[in-house]
Amino acid sequence: MHIWNNFQDWGGQADLDYTAYLQRLEAYNHNFIRMWTWEHAPVPPQQGQWPDAPSRYERSGPEGDFSGQPRFDLTKLNQEYFDRLRSRVQAAQNRGIYVSVMLFQGGSIEAKGEPVNPWVGHPFNVKNNVNGIDGDLNHDGEGKEVHTLKIPAVTRVQEAYVRKVIDTLNDLDNVLYEISNESHRDSQDWQYHIIQYIKQYEAGKAKQHPVGMTVEYPYGDNADLLASPADWVSPNEWAIPGRQDLESTYKVDPPPTDGRKVILADTDHLWGLGGNPEWVWKSFTRGYQPIFMDLDEPRFVKHLKPENRETWEATRRAMGQTLALARRIPLQTMLPATEIASSGYCLTNRESSYVVYLPVDYYGSGRRTVAGKVLRFLFRKEMIKKIVSVDLSAATGSFLVEWFNVGTGEAVPVGTTTGGNVQHFAAPFLGDAVLYLTAGK
């Protein structure tokens, strides 16, 4: 689970206890975070509500930026920023946690409909730097041009920053790179350029790390992600181009991954703030790596309704459950196969391992049909069991059968079965269920 202030301090607020944050991740059995960065200094009236330190550039110029402080010198990178970056990534590595290092921030260059314009506090605003660099070519009061290739001087400064980040982290094994969080639609070529720049610069170094691209905002097109040179991507909710209905979203029924990209399904880009255990397990059994944007700040959490708090707690647990199972199975050999299981959610190598998910509303029949409604009623009255069929025709020998209760976290071994044909399995409990079949020894 990742949170907005897991790298920079929020002015006017107590600094994050980063060690306690990592311990919380461990307690939920999570092993991945996005490490957020913000390019701008907070502007009134949101000072104290957004991260403001450390900045990536030194304030070594004369006074006179938007807030009366010394201006930024874009040729002088702030070593405090990079020391903290290394320290926090290394601390995560010591606990077995991967870190996606966010390099740029789309929410720092334009208002995106919000009442406060962050561009006022951006180092590339000509009023805020001593270098004469103006990131607002069309003088519309925003800096969208900064996340394009329209200003070579800006691109050179950005590349110097990227090199410094890579030099700081290259020897660490738990690093991924993310170009930018929610940059605008016209940032595509710039993001492609930075992806290639990272790959070229790391090619001559000891280690090379995966580079990712997250969906543009607003109106991002997931096709831009799939066509990119990125190693991994994070889409918005619209799974099928041209179909903007609930049944075609990554939130409700994520389509099986096809191997073109590693896909990190992030609640940040699907809901903004949201998620549920069913989505976690659906994503996992369809070949995704689900990740969760949390609200670890009391001032945010207090605004959540009690039922939402319960759902988020269950979602955190489900994330840890999928990781625990992933460590038990030969995940590198397994692919999603919707046709193998009647529930439609199956991850398998068709030989030794099958993971089948049964959502809470799955009863072996269409949920909108009369038969489905009858089965739902009978199931809730515990008059019948939730049954799933699994095609084991491609497998031979015996399999150990285990059920996992998503709600309670309890694993229930129930004996063995054999390969060679279609087998039927009844869940021994109510609620979301996961069936795990593994070749017996």
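Two strands pair if DSSP finds at least two bridges between them. Strands (E, at least two residues) and helices (H or I, at least four) are DSSP runs, numbered from the N terminus. The model is predicted, so local features need pLDDT of at least 70 and side-chain atom pairs count only at pLDDT 80 or more, while totals for chains, interfaces and linings use all residues. Residues are numbered from 1 along each chain as its sequence is written, and side-chain values use heavy atoms, with hydrogens and water left out.

**Stop 1: a hairpin and its sheet**

Select residues 398-405, strand β16, and then residues 411-418, strand β17. The two strands run antiparallel and are joined by six bridges. They form a hairpin with five residues between them. In the turn, select G409, which has a positive phi of about 80 degrees. Back in the strands, W403 stands opposite V412 of β17.

Now add β19, residues 433-439. Seven bridges join β19 to β16, again antiparallel. F399 has A439 in β19 as its bridge partner.

Which order do the strands of the open sheet follow? There are six of them, in the order β12-β13-β14-β19-β16-β17, with antiparallel pairing. β12 (335-336) and β17 stand at the edges with a single partner strand each, so one side of each has no neighbour in the sheet. Helix α7, residues 277-285, packs on the sheet and touches β12, β13, β14, β16 and β19 (contact means heavy atoms within 4.5 Å). The direction of α7 makes about 150 degrees with that of β14; axes are lines fitted to C-alpha atoms, for helices over the stretch in contact, and angles run from 0 to 180 degrees between N-to-C directions.

**Stop 2: aromatic pairs**

Rings of Phe, Tyr and Trp (its six-membered ring) pair if their centres lie within 6.5 Å; planes under 30 degrees apart count as stacked, over 60 as edge-to-face and the rest as tilted. The structure holds 18 such pairs. Select Y18 and Y21 for a tilted one, with 6.0 Å between the centres and 45 degrees between the planes. Both residues lie in helix α1 (residues 18-27), three residues apart, which is about one turn of the helix.

Are these two tyrosines, Y18 and Y21, buried or exposed? Buried means under 20% relative accessible area, exposed over 50%, and partly exposed in between (1.4 Å probe, protein chains only). Y18 has 9%, so it is buried, and Y21 is buried at 2%.

Next select W403 and F429, an edge-to-face pair with 6.5 Å from centre to centre and 85 degrees between the planes. W403 is in β16 and F429 is in the loop between β18 (422-426) and β19, so the pair ties together parts that are 26 residues apart in sequence. Both W403 and F429 are buried.

For a cluster linked by ring pairs, select F7, Y81, F82, F104, Y161 and W190. Then add two charged residues, R56 and K164. A charge sits over a ring if NZ of Lys or CZ of Arg is within 6 Å of the ring centre and within 35 degrees of the ring normal. R56 lies over the face of Y161, 4.1 Å from the ring centre. The charged end of K164 is over the ring of F82, at 5.6 Å from its centre.

**Stop 3: the nonpolar cores**

A nonpolar core is a set of buried Ala, Val, Leu, Ile, Met, Phe, Trp, Tyr and Cys residues joined through side-chain atoms within 4.5 Å. Which residues have the most contacts inside the largest core? They are V101, L103 and Y177, in a core of 86 residues. Helix α3 (residues 152-169) gives the largest share of this core, seven residues. Beyond its neighbours within four places in sequence, V101 is in contact with residues including M35, L85, V165 and Y177. A second, separate core has 21 residues, among them I340, C346, L392 and A427.

**Stop 4: backbone details and a loop**

Select Y217 and P218: the peptide bond between them is cis, with omega near -5 degrees. P218 is in the loop between β8 (211-214) and α5 (222-226).

E182 is not a glycine, yet it has a positive phi of about 55 degrees. E182 is in the loop between β7 (175-181) and α4 (188-203), and it counts as buried at 17% relative accessibility. R350, also not a glycine, has a positive phi of about 65 degrees. R350 is in the loop between β13 (346-348) and β14 (353-358) and is partly exposed at 35%.

Last, select K144, in the loop between β6 (98-105) and α3. Not counting residues up to four places away in sequence, K144 touches I109, E110 and H184. The C-alpha atoms of K144 and H184 are separated by 7.4 Å, although the two are 40 residues apart along the chain.
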